[in-house]
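Visitor: Could you take me through one part of this model slowly? I'm new to this, so plain words please.

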Amino acid sequence: MKLSVKSLLGLRELTREEIEFILEQAASFKEINYRPVKKVPTLRGKTIINLFFEPSTRTKTSFEIAGKRLSADVVNFSASQSSLTKGETLSDTARNLEAMKPDLLVVRAQASGVPEMLSRLVSTPLINAGDGCHEHPTQGLLDLFTVRERKQKIDGLKIAIVGDIRNSRVARSDIYGFRKLGAEVTVVGPATMIPPGIEELGCKVAYHLEPLLPEMDVLMMLRIQLERGSGKFFPGSREYSKFFGLSLKKLERAKADVLIMHPGPVNRGVELSPEVADGPFSVILDQVENGVAVRMALLYLFCGGMDAASS
Amino acid sequence: MRQVLRGARLIDPGQGIDEPKDLLIDRGRVEAILKPGEKVSEAREIELDGLVMTPGLVDIHTHLREPGYEWKETVATGAEAALYGGFSSIACMANTDPVNDNPAVTEYILERARLADLVQVYPIGAISKGLKGEELAEMASLCEHGCVGFSDDGKPVMDAGLMRRAMEYAGAFDRVIISHPEDENLSAGGVMNESAVSTELGLQGVPAAAEEAMVAREIILAEMTHAKVHLAHISTKGSIELLRRAKERGVRITCESCPHYFTLTELAVKQSGYNANTRVNPPLRSEDDRKAIIAALADGTIDCIASDHAPHNLAAKEVEFAAAASGISGLETSLSLGLKLVQEKKLKLSRLIELMSTNPAKIIGIEAGSLKPDMPADITVIDLDRKWTVASKNFKSLGKNTPFEGMELCGQAVKVFIRGKLFKLD
């Protein structure tokens with residue numbers, strides 16, 4: 001199988017078959033992470049640039065480890081400022097990097113649309129490592145991988161995505177991914193954090209979490225960005241955690257095999273009480289672990305492995 | 001030297017003329033409208049067979065960026081862009097650096113325009129000092145030195161009390177107040193229209209209500225003060241409904257829309273892949289809004305078409321969408337996009353000329369927009385059949401920021417007379 005896209009900009013662009021194909025590849029890579037020598041020569045001689053316009057620890061580390069385990073040369077290019085404040089245009093940045101002949105660009109940006117803009121300007125394939133409030137496809141894929149691993153299927157499951165949907169790229173990628181694989185997705189949060197027209201992405205909308213708890217198979221709890229002056233969108237973390245946070249007591253109403261997920265980092269005591277974050281329903285660390293396998297598969301596929309995979 | 005313009009279809013909506021006529025001009029003024037072929041002695045004959053001749057087009061909303069941002073545009077390059085767009089008169093907004101809130105800046109702009117010696121340039125003065133929305137600018141002095149109206153365009157006057165006083169003050173010498181209708185509390189952080197499209201793209205939205213709340217306020221203040229009030233760049237269906245009702249009640253208020261609002265929608269942001277040339281304020285709206293704008297252009301709710309020519313250099317646009325400057329370089333595509341509506345049978349040609357010449361001239365109260373005898377011989381000659389493709393590299397404007405790149409259009413100005421002086425646009 002060959003993917004129809006040269007770059008991974010979002011899950012919106014992928015078909016169900018393509019997503020399943022990526023997940024299968026990831027499953028075959030996962031085993032490498034358990035070997036005593038965690039390195040295979042698959043991408044030897046390939047250069048990957050992690051182009052991070054926004055600070056990130058977990059995603060960058062995950063991509064870096066994934067690249068190194070496949071023997072690629074991974075270079076980190078961090079630019080915390082937007083190109084405008086540096087006086088350089090995005091096309092300048094892109095052309096400069098392209099001149100160094102990388103095989104793949106992994107792009108994280110604070111502003112929505114940067115990976116797509118760059119993909120118009122360069123011929124190097126590109127993976128979106130999260131752009132603004134738009135998409136975070138690799139996170140979406142690792143969420144799918146984790147749920148499928150635990151539940152053996154995604155078709156027919158009921159998924160709730162809880163919290164700041166407005167500002168969440170994870171929510172958008174998860175909506176596309178889970179819907180394409182046959183799950184039913186409901187977004188839940190304070191009305192101010194549900195963006196207009198979100199239903200058109202294929203999900204349902206709810207404003208109260210508790211009534212949904214008995215029927216949900218997966219609860220995807222999003223991070224509330226307390227540092228971004230959220231007071232104009234909701235009154236504060238105390239009220240938020242009361243209505244949209246998860247405690248052990250609230251979980252009494254949930255299914256016995258419910259999965260609690262979170263893209264991290266968790267505001268402990270806000271989205272999740274510590275007992276829930278560390279409790280038996282939580283698969284948060286599985287998500288992190290699977291992130292490496294999923295990114296290994298993606299680096300392989302978008303770094304020219306696609307032709308090999310099709311044969 | 002007398003000149004007689006022969007063979008064209010003359011459209012002058014102010015006089016209700018739309019038929020083949022010849023036009024006699026002398027010493028920069030219209031001398032007479034003639035029957036086709038009518039004999040004239042001692043006049044240079046100019047053949048305009050198959051072409052359309054209209055009062056010179058007037059654009060009351062441009063940004064010429066001088067003084068202060070000469071790398072984006074100068075009065076001279078903006079005037080040349082206007083000429084090639086078919087305009088004979090333009091008004092320029094006050095958001096220069098320094099702001100046009102004192103007569104020295106007004107005089108400077110007028111001097112640059114005299115040196116350029118192309119289209120007529122009419123400065124619009126600031127409503128508030130420094131566009132800060134706190135204290136009134138010296139509007140009477142600005143008027144004395146040549147400002148034809150007042151606006152803080154680029155920013156709204158958020159303080160309703162100050163806007164009321166501005167209307168009363170300018171009303172006393174019957175100069176127009178041009179409002180930039182945007183409630184900044186509702187638009188804060190937004191970079192495109194708020195809708196399912198902004199949600200999908202992950203861009204912060206500007207709701208239609210940000211415009212409509214301010215349109216409603218300006219209508220109420222116009223009704224209260226009886227001042228001459230004009231609303232810039234109307235972009236939503238809701239604004240149009242408010243204006244339609246206000247006009248039915250007899251409120252003295254006029255408004256404009258721009259070619260991008262009747263040509264494009266928010267989908268352009270998505271289809272262009274976040275191309276910042278589709279970023280403009282107010283933002284490109286929905287298809288419903290676009291249709292409502294077109295209907296309002298036809299039925300008279302919208303009084304005029306203005307380009308909101310907002311030239312920017314490449315570096316201000318080739319960045320993240322949310323970090324990019326707002327605005328479209330519009331002078332050189334405005335007429336052809338208006339003609340597209342005529343070709344699509346949404347507007348009559350004479351109505352388009354009314355929207356682009358007769359009415360805008362009246363709104364800012366300048367001697368233009370009509371070819372009655374003794375009016376200035378400002379004339380636009382249009383070839384309705386000329387096909388061309390938008391290529392920003394050929395723009396006379398320094399601003400190459402257009403969302404219409406590559407669009408195939410039909411109809412263009414081929415000659416402009418300004419005070420009787422002929423400019424050929426080939």
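What radius of gyration does chain A have, and why does it agree with a compact globule?

Guide: Sure, let's stay with chain A. This is a predicted model, so local features need pLDDT of at least 70 and side-chain atom pairs count only at pLDDT 80 or more, while totals for chains, interfaces and linings use all residues. Residues are numbered from 1 along each chain as its sequence is written, and chains are lettered from A and ligands numbered from 1 in the order in which they are written.

Now your question: chain A has a radius of gyration of 19 Å, and that agrees because a compact globule with 311 residues would come out near 19 Å. The radius is taken over C-alpha atoms, and the globule rule is 2.2 Å times the number of residues to the power 0.38. Along its principal axes, the C-alpha trace of chain A spans about 55 × 45 × 35 Å.

Look inside and you'll find that chain A splits into domain 1 (11-136 + 288-310) and domain 2 (137-287), with bounds from an automatic or database domain assignment. Where they touch, 25 residues come from domain 1 of chain A and 24 residues from domain 2 of chain A; contact means C-beta atoms, placed from the backbone, within 7 Å. On the domain 1 side of chain A, α11(A) gives the most, with seven residues. Helices like that one are DSSP runs (H or I, at least four residues), numbered from the N terminus. The C-alpha centres of domain 1 of chain A and domain 2 of chain A lie 25 Å apart.

Methods
Two residues are in contact if their C-beta atoms, placed from the backbone, lie within 7 Å. Helices (H or I, at least four residues) and strands (E, at least two) are DSSP runs, numbered from the N terminus.
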